[in-house]
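Please open the model in a viewer and keep the selection panel at hand. The tour proceeds from one aromatic side chain to its surroundings and then to the surface.

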Amino acid sequence: SSRVLWTLAVTQFTTQDFAMARLVGEELKKALSQVPSWAFNESKHAIQKNYLFKDFKQCWNWMGKVAVVAEDMNHHPEWFNVYNRCEVLLSTHDVGGLSKNDITLAQKMDALFDSSEKK
């Protein structure tokens, strides 16, 4: 019956699946408040931020650390690097917009930036 199929579908969800839901309404506002240094791009339903480093080597080193974290999360940023600058856009393609995974990755990127030498 359809009830059995629905039950089977619901029981197959994992914590990861709930992190993959598109954030909207109050949930979106709350999530954005957790990453105040990021700007919300309404047209792409994404968050974006520009990171500035002393030089290319520092920027590339940070990007390498982020790459390891992103790979572990299986959640990869859209980014663009020129010399000492990295422009980042985070969105979850599977949900067509911002998800909790994007917020988590943004927080981890900020923590890596804060712990990097920027002199």
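Does W62 count as buried or exposed? The model is a predicted one, and in it W62 has a relative accessibility of 2%. Because the limit for a buried residue is under 20%, W62 counts as buried.

Next, display the aromatic rings; the structure holds seven aromatic pairs. Select F53 together with F113: their ring centres are 5.2 Å apart and their planes stand at 80°, so this pair is edge-to-face. F53 belongs to the loop between β2 (46–52) and α4, whereas F113 belongs to helix α5 (residues 100–115), so the pair ties together parts 60 residues apart in sequence. Both F53 and F113 are buried.

Return to W62 and add W79 to the selection. These two residues form a tilted aromatic pair, at 6.3 Å centre to centre and with 55° between the planes. Since W62 lies in helix α4 and W79 in strand β3, the pair ties together parts that are 17 residues apart in sequence. W79 is partly exposed, with a relative accessible area of 29%.

Now extend the selection to W38 and Y51: with F53, W62, W79 and F113 they form one aromatic cluster.

Finally, switch to a surface representation and select F56, W60, F80, V82 and Y83, which make a nonpolar surface patch of about 530 Å². Helix α4 (56–73) and strand β3 (78–82) each supply at least two residues of this patch. Within the patch, centre the view on F80, found in strand β3; F80 is partly exposed, at a relative accessible area of 46%.

Conventions. Residues are numbered from 1 along each chain as its sequence is written. This is a predicted model: local features need pLDDT of at least 70, side-chain atom pairs count only at pLDDT 80 or more; totals for chains, interfaces and linings use all residues. Side-chain values use heavy atoms; hydrogens and water are left out. Patches are made of residues with over 30% relative accessible area and no salt bridge: like charges are joined within 9 Å, nonpolar side chains (Val, Leu, Ile, Met, Phe, Trp, Tyr) within 5 Å. Accessible areas come from the Shrake-Rupley method with a 1.4 Å probe; for residues, only the protein chains shown count as cover. A salt bridge is a side-chain nitrogen of Lys or Arg within 4 Å of a carboxyl oxygen of Asp or Glu. Helices (H or I, at least four residues) and strands (E, at least two) are DSSP runs, numbered from the N terminus. Buried means under 20% relative accessible area, exposed over 50%, partly exposed in between (1.4 Å probe, protein chains only). Rings of Phe, Tyr and Trp (its six-membered ring) pair if their centres lie within 6.5 Å; planes under 30 degrees apart count as stacked, over 60 as edge-to-face and the rest as tilted.
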